[in-house]
Amino acid sequence: YPWRDQIEVLREVLVLFGASRIMWGSDWPLCREHTTYGRALAFLRHEATQLSRDDLGWILGGTAKRLWQFGEQSPVPTTQPSGQRDHSVSSSSPGRD
């Protein structure tokens, strides 16, 4: 940690797919061999400064909520995430643009 060498990889993934098609996962408990859960999450929250607040909203929960339709507990971000294209997933054909 802080894995600054991964910032460019994240930037490329963000440009290619858009934040609305990215979900954060911790690889818990396997990540404990290399880091803590808190540090894994802190990478996105504090080190990946190229992410907007809306991008973080998508990556840290909005994409999962939209994909798996968890209900009305909290809304997905309402603004278009950063990136080059609209990569939203149609509800009629999950996983396809």
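This is a short tour of helix H1, its one salt bridge and a threonine in helix H3.

Before you start, note that this is a predicted model, in which local features need pLDDT of at least 70, side-chain atom pairs count only at pLDDT 80 or more, and totals for chains, interfaces and linings use all residues. Residues are numbered from 1 along each chain as its sequence is written, and side-chain values use heavy atoms, leaving out hydrogens and water.

**Stop 1: helix H1.** Select residues 7-17 (helices are DSSP runs of H or I, at least four residues, numbered from the N terminus). Colour Ile7, Leu10 and Leu14, the buried residues of this helix (buried means under 20% relative accessible area, exposed over 50%, partly exposed in between, with a 1.4 Å probe and protein chains only). They sit on the same side of H1 because they cover an arc of only 60 degrees around the axis, taken from the directions from the helix axis to the C-beta atoms. Now show helix H2 (37-47) and H3, which are among what covers them. Just after H1, click Gly18, whose phi is positive, near 80 degrees.

**Stop 2: the salt bridge.** Back in H1, select Glu8 and Arg11, whose closest N and O atoms are 2.5 Å apart (a salt bridge is a side-chain nitrogen of Lys or Arg within 4 Å of a carboxyl oxygen of Asp or Glu). The two are three residues apart, so about one helical turn separates them. Glu8 is partly exposed at 38%, and Arg11 is partly exposed at 36%.

**Stop 3: Thr63.** Move to H3 (residues 53-68) and pick Thr63, buried at 4% relative accessibility. A polar atom of the Thr63 side chain lies 3.3 Å from the backbone oxygen of Ser20.

How values were computed
Polar contact = N/O pair within 3.5 Å; in protein donor to acceptor, adjacent residues only side chain to side chain. Contact = heavy atoms within 4.5 Å.
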